[in-house]
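These are my notebook entries on a protein structure. I looked up one residue, one pair of helices and one strand.

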Amino acid sequence: MTGPLPAAPAAHVERVLCVLAHPDDVDFGSAGTVATWTAAGTEVTYCIVTDGDAGGFDETPRDRMGPLRQAEQRAAAKEVGVEDVRFLGYPDGRLELTLDLRRDISRVIRQVRPQRVLTSSPERFWERIGASHPDHMTVGESTLRAVYPDARNPFAFPELLAEGLEAWTVPEVWLGASPRADHVVDVTDVVDRKFAALRSHVTQVSHQPEGQLEEFVGDWMRQTAQRFGLPEGRMAEAFHVVHTA
Ligand SMILES: [Zn+2]
């Protein structure tokens, strides 16, 4: 086991695809990192597997929750410079590791042709059980299976070739909420954009008193920064970076 790595900035890439289970997942764990990428000119696409129709705390009728949460995710994306948001429409809370899901993620990978994919860790984070929602782990594992081998193998899911989608090799995957995070991104300078993105998820966060979300998420990012040896008061997001070329 190696110690924490220095916070060497990752190489600039043209396109990043973020694949997450629910609206707001990308914002809690990674919106600061996304903001640093879009600020540097990287085009970022979100692929959200469910509409989050099992989330929320209010009396919103369940059939209205999906469309509401899609709109919230689009607004949150805009706060960090992301315009391209795609939803796969799977039911929230009932994701399974299926070939259909692998194919649907492979399709988006071949459409977007990203040099980097960000997704959830397929490994359970024993220290923070809330990070390891079964949908998160299922999306992480499905996305890794789509990255290798499905998206790059022209003979996997031949229907995708028939749709005109050529095979594509993703060289790098970033896993959020990983028990083996080895790469840290200092997001202190863009943290207001991350908080604005989080605040866009009104159905999820409006029950919290003013400032509590910022305090809670801020503390968590300060602890991450400290764990990776960044200076006092900095805030960071951490990932397990996997080379997949
Ligand atoms: Zn989630």
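Entry 1. I began with Thr 138, which lies in helix α4, residues 134–150. I note that the model is a predicted one. Is Thr 138 buried or exposed? Its relative accessibility is 13%, so I recorded Thr 138 as buried, the cut-off being under 20%. I then looked up its contacts, leaving aside neighbours within four places in sequence, and found Leu 95, Glu 96, Leu 97 and Leu 101.

Entry 2. I turned to a pair of helices. Two packed helices are described by the angle between their axes and the distance between the axes. For helix α1 (residues 25–39) and helix α6 (residues 191–199), I found axes that come within 9 Å and cross at roughly 130°. I therefore entered α1 and α6 as oblique to each other, and their crossing as right-handed. Which residues meet here? From α1 I listed Asp 27, Phe 28, Gly 29, Ser 30, Ala 31, Gly 32, Ala 35 and Thr 38; from α6, Arg 193, Lys 194, Ala 197 and Leu 198. I sorted the residues of this contact into five nonpolar, four polar and three charged.

Entry 3. I closed with strand β1, residues 15–20, where six of six residues are buried. In a regular strand the side chains alternate between the two faces of the sheet. In β1, I saw Arg 15, Leu 17 and Val 19 pointing one way, and Val 16, Cys 18 and Leu 20 the other way. I also noted that β1 pairs with strand β2 (residues 43–50) in the parallel sense, over six bridges. For Cys 18, I found Tyr 46 as the bridge partner in β2.

Technical notes. Residues are numbered from 1 along each chain as its sequence is written. This is a predicted model: local features need pLDDT of at least 70, side-chain atom pairs count only at pLDDT 80 or more; totals for chains, interfaces and linings use all residues. Side-chain values use heavy atoms; hydrogens and water are left out. Helices (H or I, at least four residues) and strands (E, at least two) are DSSP runs, numbered from the N terminus. Buried means under 20% relative accessible area, exposed over 50%, partly exposed in between (1.4 Å probe, protein chains only). Contact means heavy atoms within 4.5 Å. Axes are lines fitted to C-alpha atoms, for helices over the stretch in contact, and angles run from 0 to 180 degrees between N-to-C directions. Angles under 35 degrees count as roughly parallel, over 145 as roughly antiparallel, 65 to 115 as roughly perpendicular and the rest as oblique. A crossing is left-handed if the near helix is turned anticlockwise from the far one by less than a right angle, and right-handed if clockwise. Ala, Val, Leu, Ile, Met, Phe, Trp, Tyr, Cys and Pro count as nonpolar, Asp, Glu, Lys and Arg as charged, and the others, Gly among them, as polar. Two strands pair if DSSP finds at least two bridges between them.
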